[in-house]
Amino acid sequence: AERGLDSVDADVLVLDEYDTLNQRNIPDAERRVTSDTSAGLIRRVGVPSAPNIGIAALYEQSDQRRWHVRCTACNAWQAPEFSANVDTERGLVVCHSCRTPLDVAAGEWVAEFPDRAVRGYHVSQLLVPGADLSRLIAASRRRPAFERERFVRKDLGLPYEPEGGRLSLAVLEAARSGGNFTMLDTYTGDGLVTMGIDVAST
């Protein structure tokens with residue numbers, strides 16, 4: 001709550017489950033670590049929701065560190081991904097090149113953009129040594145939209161947006177070009193224009 005933040009002086013601020021926080025209060029919380037005597041450390045942690053929102057947007061702006069492991073058979077370095085590295089028949093994390101099992105514990109963090117000042121880490125269930133891959137494989141095969149969303153976001157640690165889950169500019173352009181609609185490049189009127197659309201999930 002905003003009122004509860006006013007009397008807190010901190011060295012470290014941890015914003016857990018970032019996307020579910022009251023976003024309005026985050027700037028006030030971050031001000032609590034700005035004094036000269038504060039260590040000024042801010043950690044943002046959470047399951048991503050949709051692309052370009054919340055923790056996913058912050059990760060995109062960071063140096064984007066991913067856990068890379070080396071295949072002991074062919075020496076290929078790789079950041080394990082479900083589609084490329086999970087052998088669903090054997091229930092193993094394998095090399096994307098030679099299909100040899102990988103030791104996910106033996107790796108290192110590699111930054112995609114090492115010159116960026118803010119560190120960002122992508123973590124998924126695939127990085128957990130001894131993780132129950134049979135559960136992940138079963139979850140990947142579930143078809144209801146909410147199950148797919150849960151698997152991608154919570155197990156793979158990736159943002160997810162169901163098809164048709166949000167209106168895009170391309171959808172609006174298609175509607176405009178298919179009918180007698182005009183869409184201005186910019187709006188210069190005085191009034192606030194608001195539109196609410198229920199796109200549903202089915």
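How many nonpolar, polar and charged residues are in the lining of the largest cavity? Keep that one in mind while you load the model, which is a predicted one.

**Stop 1: the cavity**

Start by selecting R66, W67, A79, P80, H122, S124 and L127, the residues that line the largest cavity. Sorted by class, that lining has four nonpolar, two polar and one charged residues. The volume enclosed there is about 50 Å³. Don't go hunting for a second one above the cut-off: the structure holds one cavity of 30 Å³ or more.

**Stop 2: the largest pocket**

Now switch to a surface view and look for the largest pocket, with a volume of about 820 Å³. Its lining takes in 28 residues, and the ones closest to the centre are R44, I55, Y59, G120 and Y121, so to speak your landmarks here.

Which element gives the largest share of that lining? Colour α3 and you have it: six residues come from this helix. Strands β2 and β8, like α3, each supply at least two residues. Colour the lining by class and you should get 14 nonpolar, eight polar and six charged residues.

**Stop 3: helix α3**

Stay with α3, which spans residues 54–61, and pick out its buried residues: I55, A56, A57 and Y59. To see what covers them, show β2 (41–44), β3 and β8 (121–122), which are among the covering elements. Two names should ring a bell, as I55 and Y59 are also among the residues closest to the centre of the largest pocket.

Next, walk off the end of the helix to Q64, in the loop between α3 and β3. Is Q64 buried or exposed? Its relative accessibility is 12%, so it counts as buried. Check the backbone there too: phi of Q64 is near 55°, a positive value in a residue that isn't glycine. As background, most residues other than glycine have a negative phi.

For a second example, jump to E17, in the loop between β1 (12–15) and α2 (26–30). Phi of E17 is near 50°, again positive without being a glycine. With 36% relative accessibility, E17 counts as partly exposed, whereas Q64 counts as buried.

**Stop 4: the largest nonpolar core**

Hide the surface and select F82, V93, L102, L126, L133 and F151. Of the 20 residues in the largest nonpolar core, these touch the most other members. At least two core residues come from each of β3 (65–70), α5 (133–141) and α6 (145–155). The top contributor is α5, with four residues. Elsewhere, apart from this core, lies another one of nine residues, including A10, Y18, A29 and I55. In general, nonpolar side chains in soluble globular proteins tend to be buried together.

Then centre on L126 and show its surroundings. Beyond neighbours within four places in sequence, L126 is in contact with P80, E81, F82, V86, V93, V104, L133 and L136.

**Stop 5: helix α5**

L133 and L136 take you straight into α5, where the buried residues are L133, L136, I137, A139 and S140. Turn the view to look down the axis of α5: the buried residues fall within an arc of 160°, so they line one face of the helix. Over these residues you'll find, among other things, α4 (82–85), β5 (86–87), β6 (92–93) and α6.

**Stop 6: helix α6 and what follows**

Move on to α6 and highlight its buried residues, E147, F151, V152, R153 and D155. Part of their cover comes from α4 and α5.

Zoom in on V152, which sits in helix α6. With 8% relative accessibility, V152 counts as buried. Which residues does V152 touch, not counting those up to four places away in sequence? Select G157, L158, P159 and Y160 to see them. While you're at V152, draw a distance to Q125: the two are 27 residues apart along the chain, and their C-alpha atoms are separated by 10 Å.

Finish at G157, just after α6, where phi takes a positive value of about 65°.

Note on methods:
Residues numbered from 1 in each chain as written. Predicted model: local features only at pLDDT ≥ 70, side-chain atom pairs only at ≥ 80, totals over all residues. Heavy atoms only, no water. Core = buried A, V, L, I, M, F, W, Y, C linked by side-chain atoms within 4.5 Å. Buried < 20%, exposed > 50% of the residue type's maximum accessible area, 1.4 Å probe, protein only. Contact = heavy atoms within 4.5 Å. Arc of directions from axis to C-beta. 1 Å grid on protein atoms, 1.4 Å probe; cavity = no way out; pocket = protein on both sides within 12 Å on 5 of 7 lines; lining within 4 Å. Points joined across faces, edges and corners; volume = space filled by probe spheres on them. Nonpolar A, V, L, I, M, F, W, Y, C, P; charged D, E, K, R; others polar.
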